[in-house]
Amino acid sequence: MFHTESDVVFVKGLTVEAVIGVYEWERAINQPIRIDIVLETDISKAAVSDDVSDALNYKAVCDDVSRWCKEIKAELLEHLAGEIAESLLAKYSCQKVILSVAKPTAIKQAEAVGVQITRYAKAADNQSAENETAESKSDNA
Ligand SMILES: Nc1nc2c(c(=O)[nH]1)N=C([C@H](O)[C@@H](O)CO)CN2
């Protein structure tokens with residue numbers, strides 16, 4: 001069975017002022033973090049019902065991600081991106097997240113620097129297959 005439909009909800013250029021960085025002076029200030037998010041999710045129910053309660057609500061995503069950035073106070077963008085991606089997959093109904101986090105003011109000669117990651121929700125079938133493999137390995141040990 002092939003699925004030919006592929007839907008996303010996205011957020012582009014969400015800017016959050018938060019503590020981010022490895023240097024001492026960075027721990028004492030807020031800096032802008034620019035975030036792009038692509039959430040792979042089935043939008044077909046909302047497309048028919050025209051009801052936001054059937055949609056993956058991008059306002060809620062923006063509010064959550066802004067709050068998480070301020071709470072995490074990460075040193076590395078890598079850590080921030082990983083934590084946000086895992087939280088999005090845990091909270092929202094989506095199969096895949098592509099997340100880019102950037103610092104537009106970190107390097108004077110660059111427009112922005114940052115990282116982009118892609119993370120997948122753990123499929124129930126894959127998870128039980130992984131558990132079975134782990135179990136059979138420990139049985140044979
Ligand atoms: N790969 C990364 N490199 C660097 C990071 C980072 O988060 N990931 N951070 C810094 C400093 O905090 C920098 O932004 C200060 O200008 C350096 N390199």
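This passage describes the fold, the sheet and the ligand surroundings of the protein chain in a predicted model.

A good place to begin is the overall make-up. The protein chain contains five helices and four strands, and these follow one another along the sequence in the pattern β-α-β-α-α-α-β-β-α. Of its 141 residues, 16% count as buried. Among contacts with a separation of 6 or more, 59% are between residues 24 or more positions apart. An unreviewed UniProt entry annotates residues 9–119 as "domain: Dihydroneopterin aldolase/epimerase". Within that stretch, helix makes up 36% of the chain and strand 32%, while the end C-alpha atoms lie 15 Å from each other.

The sheet comes next, and its layout is pleasantly easy to follow. Its four strands are arranged in the order β1-β2-β3-β4, with antiparallel pairing, and the sheet is open. At the edges are β1 (8–18) and β4 (113–120), each of which pairs on one side only. From one strand to the next, the twist averages 15°.

Walking across the sheet from β1, the strand pairs can be taken in turn. β1 and β2 (residues 31–40) run antiparallel and are joined by nine bridges; here Val9 has Leu39 of β2 as its bridge partner. Helix α3 (residues 58–72) packs on the sheet and touches both β1 and β2, its direction making about 35° with that of β1. On the way to the next strand, Leu39 appears again, with Val97 in β3 as its bridge partner. The antiparallel pairing of β2 with β3 (residues 96–103) extends over seven bridges. Eight bridges then link β3 to β4, again in the antiparallel sense, and one bridge partnership brings Val101 together with Val115 of β4. As a reminder for viewing these strands, side chains in a regular strand alternate between the two faces of the sheet.

Which residues surround the ligand? The shell consists of Gly21, Val22, Tyr23, Glu26, Leu76, Leu77, Glu78, Lys103 and Ala106. By residue class, this shell comprises five nonpolar residues, one polar residue and three charged ones. Lys103 also ties the ligand surroundings to the sheet, as this shell residue falls within strand β3, which spans residues 96–103.

Methods
Residues numbered from 1 in each chain as written. Predicted model: local features only at pLDDT ≥ 70, side-chain atom pairs only at ≥ 80, totals over all residues. Near = placed C-beta within 6 Å. Nonpolar A, V, L, I, M, F, W, Y, C, P; charged D, E, K, R; others polar. UniProt positions renumbered as here; feature names shortened; annotations may be inferred. Helix = DSSP H or I, 4+ residues; strand = E, 2+ residues; numbered from the N terminus. Pairing = 2+ DSSP bridges. Axes fitted to C-alpha atoms, helices over the stretch in contact; angles between N-to-C directions. Contact = placed C-beta atoms within 7 Å. Buried ≥ 20, exposed ≤ 12 C-beta atoms within 10 Å, placed from the backbone.
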